[in-house]
Amino acid sequence: MADPQFKQWGENANGFNSDLWFKIKPNVTNTFRIVTEGYVEYSAHQFKKDPHDDKDFGRKIKCSGVFLKDENSSTTRYVYQAGTCPNCDLDIIESAGKNEDGTVKPGKPGRKQHFVFGVYEYESGKYKILDIKWGVQSSLVTLKEENGPLVNYDIKIRFNPKESPNNMYKVLSGSDKPLSAEALAVIERDRNLDQILALAKIPTYDKVLADMKRVRPDIDKQLAALTSKAIIIDSENFDKKTAAVEVDTDFAAYAT
Ligand SMILES: [Zn+2]
């Protein structure tokens with residue numbers, strides 16, 4: 001019998017089994033039904049050992065950065081609060097350029113928004129968690145505007161890794177047939193909203209730093225160099241496309 005003190009192989013600290021993640025497969029139609037009324041959101045960096053290595057996809061590290069809405073701006077823009085995320089601080093220094101007059105033009109935080117929710121996967125007949133980025137998320141928002149609540153019909157995603165980044169994912173609506181009794185029983189049994197909500201937890205500055213050190217043990221030296229420059233970035237705009245949006249944690253009970 002499994003000892004509750006021990007974790008099962010393949011399980012991480014949050015009790016996640018790698019099988020719990022929905023993997024979008026390339027060149028096939030991935031069909032699922034969204035089974036949470038809302039989603040949670042978090043930001044993460046892909047942190048590389050060498051920032052100039054194009055072949056290195058990097059290690060995913062959650063962001064602890066604080067971005068405040070600029071109330072004085074006529075357009076929606078967010079201002080990064082320097083010193084709240086070591087990875088944002090580093091991004092700003094590493095992607096810095098020069099203005100025409102030769103002064104330093106600060107770079108931008110390279111974090112990306114992730115959107116997470118529960119789905120029922122038809123192929124496996126299992127409940128899974130889907131983690132998507134802005135492109136797919138905005139397609140889902142469009143679908144909702146055109147066809148109504150996303151939980152009312154199937155979602156089909158086709159993923160073509162050979163396309164340009166803007167066209168890699170095609171998102172379409174599918175059948176609006178009600179889920180089968182078997183599918184509803186699986187969802188009822190396996191859907192765990194606390195597990196999804198835990199993903200949106202923002203890490204501390206120190207936790208981000210510790211994660212970065214695993215990739216670059218000498219990161220303290222690089223961060224020490226930027227402390228004196230941090231003042232430059234205080235009023236830098238945050239790109240609207242990757243800016244924080246309202247977090248929707250309103251999970252109404254599904255299928256009631
Ligand atoms: Zn960050």
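Select T29 and R158 to begin: T29 stands opposite R158, which sits in β10. Strands here are DSSP E runs of at least two residues, helices are H or I runs of at least four, and both are numbered from the N terminus. This is a predicted model; local features need pLDDT of at least 70, side-chain atom pairs count only at pLDDT 80 or more, and totals for chains, interfaces and linings use all residues. Residues are numbered from 1 along each chain as its sequence is written.

**The sheet around β1**

Widen the selection to β1 and β10. They run antiparallel and are joined by four bridges. Two strands count as paired if DSSP finds at least two bridges between them. Now add β8. β1 pairs with β8 over three bridges, again in the antiparallel sense. Click I34: its bridge partner in β8 is V119.

Step back to N27, in the segment before β1. Its phi is positive, about 60°, although N27 is not a glycine. N27 counts as exposed because it has 9 C-beta neighbours inside 10 Å. The scale is this: a residue is buried if 20 or more other C-beta atoms lie within 10 Å of its own, exposed if 12 or fewer, and partly exposed in between, with C-beta atoms placed from the backbone.

**The β8–β9 hairpin**

Select β8 and β9. Seven bridges join these antiparallel strands. One pair to display is G118 and its bridge partner in β9, I129. The two strands form a hairpin with four residues between them. In the turn, G125 has a positive phi of about 70°.

Stay in β8 and pick V116. V116 counts as partly exposed because 19 C-beta neighbours lie inside 10 Å. Beyond four places in sequence, V116 is in contact with Y39, V40, I129, L130, D131, I196 and L199. A contact means C-beta atoms, placed from the backbone, within 7 Å. Draw a C-alpha line from V116 to Q137: it spans 9.7 Å, across 21 residues of sequence.

**Two nonpolar cores**

Next, color the largest nonpolar core, which has 19 residues. A nonpolar core is a set of buried Ala, Val, Leu, Ile, Met, Phe, Trp, Tyr and Cys residues joined through C-beta atoms within 7 Å. I34, V35, F117, V119 and Y120 have the most contacts inside this core. β1 (29–34), β8 (112–121), β9 (126–132) and β10 (155–159) each supply at least two of its residues. β8 gives the most, with four.

Center on F117. Setting aside residues up to four places away in sequence, F117 touches I34, T36, Y39, L130 and I196. Apart from the largest core lies another, of 13 residues; C63, V79, I92 and M212 are among them.

**β5 and α1**

Move to Y78, in strand β5 (residues 78–80). Y78 is buried because 22 other C-beta atoms lie within 10 Å. Measure from its C-alpha to that of V66: 9.5 Å, for residues twelve apart along the chain.

Then select helix α1, residues 86–94. It is mostly covered, with seven of its nine residues buried. Show P86, N87, C88, D89, L90, D91 and I92; these are the buried ones.

**Helix α2**

Select residues 134–147. This is α2, 14 residues reaching 20 Å from first C-alpha to last, close to the expected 20 Å. The expected span is 1.5 Å times one less than the number of residues. Just after α2, check G148, where phi is positive at about 90°.

**The whole chain, and where to be careful**

Zoom out. The protein chain has six helices and twelve strands. Of its 256 residues, 21% count as buried. Among contacts with a separation of 6 or more, 64% come from residues 24 or more positions apart.

Color by pLDDT, the predictor's confidence in each residue, from 0 to 100. The chain mean is 81, and 81% of residues reach 70 or more. Confidence is highest in β10, at a mean of 97. It is lowest in strand β12 (residues 237–238), at 42. Finish on residues 228–256. There pLDDT stays under 50, and the model has 56 contacts beyond four places in sequence for this stretch.

Technical notes:
Contact = placed C-beta atoms within 7 Å.
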